[in-house]
Amino acid sequence: MSTPPHPALPDIEHAIRNATGSAFHIAELTPARGGSTHQAMTVYGTDGSRHFVKVGPRACAAMFAAESDGLAAIAASATFRTPAVIARGESAEHAFVVLEHLDLLAVSSAADGVRYAEALAALHHTTGDSFGWRCDNFLGRSAQRNTPSANWAQFFIEQRLRPQFALARERGFVGELQKQGERLLPRVPALFLDYRPRESLVHGDLRHGNAALLADGTPVAYDPAVHFGDRESDIAMSELFGGFPSSFYARYRQAWPLHEDYEQRKLLYSLYHMLNHLNLFGRGYLGEALRLATKLNQELSLRRD
């Protein structure tokens, strides 16, 4: 099935020609799964080449730049295969990024899970000097601040949870959710009294839809929200929406065991993603966000008693 022509296509053709040194011309394009703010497509050249393209309003330029930076960081770790960034560009009205086209397979079998877990553990062994990142980036289309910090709990409070609660308030999600947030934020450090996470390079948005394998079994990562953070946050995100085989979790824990209090911190990391979904997609995620915040407050109250 072909997708309708896009007004940015001449700019995309020109960018590919400049980047590859070829006489690239688009012969066909087909739609692909993409985000809610941009259009994703596979473009086929008259020379037989293929590229994966994301194109959207010019406001997407910062998102595409952050995505390219994250892909480069993961590629530099030599742990996952990532699609190479061929070109990025902007016009008066549009922004786009051209990526290497990879034929991807789902992480589904037990063997797939083992391979992916081994690559993830290796990624997490890539560490930095502080929590955060060299630039701000995005989780989906939500801005994500990454100002470096030596204190992970404070980083997560001030640069993850507090902005999401504030955005939820702006969008009308007040009442009990905000009450639970006000109670929770000062209590978050209690989850790290006996646990000192390393500054691990994390994918940041590790759901099943952002994980794949090549035909030869090579693990592939894409659509990242990278930063140096607690590796448990990646595991928690992978559990939030399901899809990874049980072998993935078993092999990861074998390669690098999780701390005994992971199950409580999993609630914290899940809350961040659920608040982000609430702010992006609306009221359907309010109940689960409130449940997670309430449960965290209840468990932290028990810790104090």
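In strand 5 of this predicted model, His94 is the bridge partner of Pro57. This bridge belongs to the pairing of strand 3 (residues 50-57) with strand 5 (residues 94-100), which is antiparallel and extends over seven bridges. A further bridge partner in strand 5 is Val97, which is matched with Lys54.

On strand 4, the partner of Glu90 is Ala95 of strand 5. Strand 4 and strand 5 run antiparallel and are joined by five bridges. The two strands form a hairpin, with three residues between them.

These pairings are part of an open sheet of five strands, in which the pairing is antiparallel and the order is 1-2-3-5-4. Strand 1 (26-32) and strand 4 (85-90) are the edge strands, each of them paired on one side only. Direction ignored, neighbouring strands of the sheet are turned against each other by 25° on average.

Two helices are placed against this sheet. Helix 1 (residues 9-20) lies across strand 1, strand 2 (39-45), strand 3, strand 4 and strand 5, and runs at about 40° to strand 5. Helix 2 (residues 61-76) also packs on the sheet, where it touches strand 3, strand 4 and strand 5. The direction of helix 2 makes about 20° with that of strand 5.

The surroundings of strand 5 were examined next. Of its seven residues, six are buried, so strand 5 is largely enclosed by the rest of the structure. Val97 lies in this strand and has a relative accessible area of 1%; Val97 therefore counts as buried, the cut-off being under 20%. With neighbours within four places in sequence left aside, the contacts of Val97 are Phe52, Val53, Lys54, Phe64, Glu67, Ser68, Val85, Ala87 and Arg88. Among these, Lys54 is also the bridge partner of Val97. Ile86 is eleven residues from Val97 along the chain, and the C-alpha atoms of the two residues are separated by 7.7 Å.

Burial was also examined in helix 5 (residues 176-184), where Leu177, Gln178, Gln180, Gly181 and Leu184 are buried. These residues cover an arc of only 160° around the axis, which means that they are on the same side of helix 5. The exposed residues Lys179 and Glu182 are carried by the face of helix 5 that is turned away from its buried side. As a general point, an α-helix has 3.6 residues a turn, so residues three or four places apart point the same way.

The remaining helix pair comprises helix 6 (residues 232-240) and helix 7 (residues 246-255), which pack at an angle of about 165° with their axes 12 Å apart. Helix 6 and helix 7 are therefore roughly antiparallel to each other, since angles over 145 degrees fall in that class. Their crossing is left-handed. Helix 6 contributes Ile235, Ser238 and Glu239 to the contact, while helix 7 contributes Phe248, Tyr249 and Tyr252.

Note on methods
Residues are numbered from 1 along each chain as its sequence is written. This is a predicted model: local features need pLDDT of at least 70, side-chain atom pairs count only at pLDDT 80 or more; totals for chains, interfaces and linings use all residues. Side-chain values use heavy atoms; hydrogens and water are left out. Two strands pair if DSSP finds at least two bridges between them. Helices (H or I, at least four residues) and strands (E, at least two) are DSSP runs, numbered from the N terminus. Axes are lines fitted to C-alpha atoms, for helices over the stretch in contact, and angles run from 0 to 180 degrees between N-to-C directions. Contact means heavy atoms within 4.5 Å. Buried means under 20% relative accessible area, exposed over 50%, partly exposed in between (1.4 Å probe, protein chains only). The arc is that of the directions from the helix axis to the C-beta atoms. Angles under 35 degrees count as roughly parallel, over 145 as roughly antiparallel, 65 to 115 as roughly perpendicular and the rest as oblique. A crossing is left-handed if the near helix is turned anticlockwise from the far one by less than a right angle, and right-handed if clockwise.
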